[in-house]
Amino acid sequence: MQGSPPRGMRDFYPDEMRVQNWLFSRWRASAMRYGFEEYNSAVVEHEELFVLKSGEEIVSQLFNFVDKGGRRVTLRPEMTPTFARMIAARGGALPKPVKWFSVAQCFRYERMSRGRKREHYQWNLDVVGVPEVTAEAELLSAALDALGGMGLTAEDVVVRISHRGLMGAVLEGLGVPEEIRTGVLGVIDKRGKEAEESLRRRMETLGVSRDAVHALFALLDEKEIGAFARLLREQGLSTESVEDLETLFGYLEACGIGDYCEFSPSIVRGLPYYTGIVFECFDREGKFRALFGGGRYDNLFDLFGAGSLPSAGLGFGDVVIQELLREKQLLPALSRRIDFFLIPYSQMERARAFRTAERLRKGGFHTDLVLGARKLKGALREGARLRAERVVLLLPEELEQGLFVLRDLESGKEERVPEGAFLEDPGRFLRASGSGPSGSAG
Ligand code: HAM
């Protein structure tokens, strides 16, 4: 039997789990500060849901199987179709807007590369029932609040924003036939991930003329929304996408996150369900794949007969952010917290140690004790390894006088304290707090 997990899957040893929990707590704290409520579902979902809604790329990556009852199911590759199913099931009963979030484990049988695993956790934030781009502003504010809380500034990360309708109109203006536009958007989405020359060839293979490919690539580098407004106006095409973008950028400034955000017409998103604003967040140096991505998807609910419900959301993965934070040395040093470590001198003092540990634990203190037969020296070493703040020695002679021996492992100082006085206010003997149970870390 191999010691490693199946390829692409991850084990989380306690050190890694501490980091993971820290990240999740940042996500949850930001979501709740912005008024989102948590939901979840099982990781096994109807296969059909993704076949109909997630597009070819994701369907080819499904971890799917037939269950013992003959149903075609799959491990979820993303959360959005499940979210839509859950919202549709409650239909009109849910007061709008719905602002929900989840921290969901997702599975995609992808080709592995840096930042790409076959299993990852994704923080999903979604807003249902808001047709205005206020929803997008709210989503981006919450996501950037989390990034800011982790120490990343507008110098470290950038959110590139565009609009599906903008590229749609551009392709229409360039005479690209409707039936190949989804394919063309798929090629544009690979920009920066694949060589430019290979993308140009793929466009031509799809049936886009060489001139149109040339014009399109020139436009993809345009940084001014105004240039698109002029172009669309000249060609008599709808400028609604430009207006949405301009309104959104105004709100983003008002939310204090304008510095993080820029217009980038080559952002189209790989998933097919987006209908409006689309965005992706990257590290400024461009070393990693997207930290998060999302956008507006107003038609996803049609599948459930729920009509069109204006919605927008984003997914923020756990893999890339940890790589970026590690590189920037922004991951906090997290360690297990043990307030008190109890050492009974021998088997005779064990029951007393358990009783004391119970009292401390009930009082909210992180408490551990020697469980096996241990010489005093070895037990003290164990306490040091655990980085226990205080060691409580239960020694026969001192116990007879009703005294505990408290030792500070860092300074080596010891004091003898009456059991009653200690248990009355154990927090007094801790360095950090001085009183009350310690806060939890990790
Ligand atoms: P997505 O762009 O496919 O969007 O994924 C969102 C984020 O999840 C990515 O930016 C990346 O950080 C992370 N991610 C995706 N696949 C992997 C992988 N194989 N390994 C590691 N990390 C990965 C969606 O999934 C949409 N459902 C997001 C959304 C929510 N749109 C609206 N609401």
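Here are legends for three close-up views of this predicted model.

**View 1. Tyr260 and its surroundings.**
Tyr260 sits in the loop that runs between helix H11 (240-254) and strand E8 (261-263). With a relative accessible area of 12%, Tyr260 counts as buried, because the cut-off for that label is under 20%. Look for its contacts from elsewhere in the sequence: Tyr260 touches Leu144, Gly148, Leu152, Thr153, Ala154, Val157, Val158, Val159 and Arg284, leaving aside residues up to four places away. Asp156 is worth picking out too: its C-alpha atom is 8.9 Å from that of Tyr260, though 104 residues separate the two along the chain.

**View 2. The second largest pocket.**
This pocket holds about 590 Å³ of space. Its lining is made of 30 residues, and Arg160, Arg191, Gly192, Lys193 and Phe282 are the closest to the centre. Helix H7 (181-189), E8 and strand E9 (277-283) each chip in at least two lining residues, with E9 giving the largest share, three residues. As for chemistry, the lining of the second largest pocket splits into 16 charged, nine nonpolar and five polar residues.

**View 3. The ligand and its polar partners.**
The ligand has 26 residues around it, and the closest are Glu78, Thr80, Glu110, Lys117 and Tyr274. Zoom in on the individual atom pairs next. Arg108 places a polar side-chain atom 2.9 Å from a ligand oxygen atom, while a polar side-chain atom of Asp126 lies 2.9 Å from a ligand nitrogen atom. Ala290 uses its backbone instead: an N or O atom there lies 3.0 Å from an oxygen atom of the ligand.

Technical notes
Residues numbered from 1 in each chain as written. Predicted model: local features only at pLDDT ≥ 70, side-chain atom pairs only at ≥ 80, totals over all residues. Heavy atoms only, no water. Helix = DSSP H or I, 4+ residues; strand = E, 2+ residues; numbered from the N terminus. Buried < 20%, exposed > 50% of the residue type's maximum accessible area, 1.4 Å probe, protein only. Contact = heavy atoms within 4.5 Å. 1 Å grid on protein atoms, 1.4 Å probe; cavity = no way out; pocket = protein on both sides within 12 Å on 5 of 7 lines; lining within 4 Å. Points joined across faces, edges and corners; volume = space filled by probe spheres on them. Nonpolar A, V, L, I, M, F, W, Y, C, P; charged D, E, K, R; others polar. Near = heavy atom within 4 Å. Polar contact = N/O pair within 3.5 Å; in protein donor to acceptor, adjacent residues only side chain to side chain.
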